[in-house]
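Open the model in your viewer and keep the sequence panel beside it. This tour says what to select at each stop and what is there.

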Amino acid sequence: MIYVSKSTVSRRLAALAAVMMFASPNQALASQCAQQWSKFADVLVEFGNSETLAPVIARSLADGGCRVSGVELPFDRRTRLSINSITWSGHEMDRVVTEGLPPRNVTLSISGLSRKSAMGMPGVDAEIDKYLATLSADVALVAHWDEEARQASLDLLSIRMAQGDYITARAVVDNVDFGSKTKMQMSAGGFSIPNVNLEFETFGTFEKLLADPFGSALWGRSEDRAERVATMEGNVDLLPPSI
């Protein structure tokens, strides 16, 4: 027969309680991160990606944020997006999971965003990847929504290329309501953008996007650099004075 003292049992129960107290929040946070990433992935599929994303593990961070690593997304029939890591945090993130609505505020960071060939033919992939090699970037986004003021603020959108090229944007959007899906749909037709600030600097890297739809719209299709710059300046002149 084995005798166990009450003090020994008490110590073991206390130790077990301590383990559960410290482990459960982490497990709960990890589960929340996985649910949030699942919702984000659904949005990415809905907006332009026809394929379901490959599974990744969502991890909780010590500061309460979440991170996924090694993400790959279909981009077009020739290429895919490769991302080293995506880190995010925010206030009332449960709205994303339970209601499909934006959080009150969100901070998001994308590290090591690049495009890779997806043709599946080594020779072709190598040629495409030479073109894409200079297009790696890091992305940061900070935004919040003021319910009482019915105002959404893009506090920062930053895209920085490996060579130093960058785009930063800040904006304020009035008359927006994210209180419910119905209110969000109703405000979609009545919002206004009273203030936008855009900074853009390139050392030539962005010109490599010339063959892409965005680049063609911004720069035009001319082979002459002066004509491309003139086209871009003309497009900038078309923007509202508030920008």
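Select E147 in this predicted model. The relative accessible area of E147 is 43%, so the residue counts as partly exposed, between the limits of 20% and 50%. E147 sits in the loop between strand 5 (137–146) and strand 6 (151–161).

Now add R104 to the selection. Its side chain meets that of E147 in a salt bridge, at 2.8 Å from N to O. R104 belongs to the loop between helix 2 and strand 4, and the two residues are 43 residues apart, so the pair links distant parts of the chain. Is R104 buried or exposed? R104 is buried, because its relative accessible area is 18% and the limit for buried is under 20%.

Keep R104 selected and add E92. These two form another salt bridge, with the closest N and O atoms 2.9 Å apart. E92 is found in the loop between strand 3 (79–91) and helix 2 (94–98), while R104 comes just ahead of strand 4 (105–117); the two are 12 residues apart. E92 is partly exposed, at a relative accessible area of 29%. With E92, R104 and E147 all shown, you have a network of salt bridges on screen. Side chains of opposite charge can pair when their charged atoms come close.

Next, select D177 and R150. What joins D177 and R150? A salt bridge does, and its closest N and O atoms are 3.3 Å apart. D177 is in the loop between strand 7 (166–174) and helix 4 (181–187), and R150 is in the loop between strand 5 and strand 6, so the bridge ties together parts 27 residues apart in sequence. D177 counts as buried at 13% relative accessibility, whereas R150 counts as partly exposed at 33%. The count for the structure comes to four salt bridges.

Clear the selection and turn to the aromatic rings. A search of the whole structure finds three aromatic pairs. Select F40 and W88 to see one of them: the ring centres are 5.4 Å apart and the planes meet at 75°, so the pair is edge-to-face. F40 lies in helix 1 (residues 6–46) and W88 in strand 3, so this pair ties together parts 48 residues apart in sequence. F40 is partly exposed, with a relative accessible area of 22%. W88 is buried, with a value of 1%. Add W37 to the selection, and you have the cluster that ring pairs form from W37, F40 and W88.

For the next stop, select R160 and Y166. What sits over the ring of Y166? The charged end of R160 does, 4.7 Å from the ring centre.

Finally, show the whole chain and colour by secondary structure. The chain has six helices and eight strands. From start to end of the sequence, their order is α-β-β-β-α-β-α-β-β-β-α-β-α-α. Of the 243 residues in the chain, 28% are buried. Switch to a surface view: the accessible surface is about 15300 Å², and 59% of it belongs to carbon and sulfur atoms. Among contacts with a separation of 6 or more, 47% are between residues 24 or more positions apart.

Conventions
Residues numbered from 1 in each chain as written. Predicted model: local features only at pLDDT ≥ 70, side-chain atom pairs only at ≥ 80, totals over all residues. Heavy atoms only, no water. Helix = DSSP H or I, 4+ residues; strand = E, 2+ residues; numbered from the N terminus. Buried < 20%, exposed > 50% of the residue type's maximum accessible area, 1.4 Å probe, protein only. Contact = heavy atoms within 4.5 Å. Areas by Shrake-Rupley, 256 points an atom, 1.4 Å probe, with all protein chains shown as cover. Phe/Tyr/Trp six-rings, centres within 6.5 Å; stacked < 30°, edge-to-face > 60°. Lys NZ or Arg CZ within 6 Å of the ring centre and 35° of its normal.
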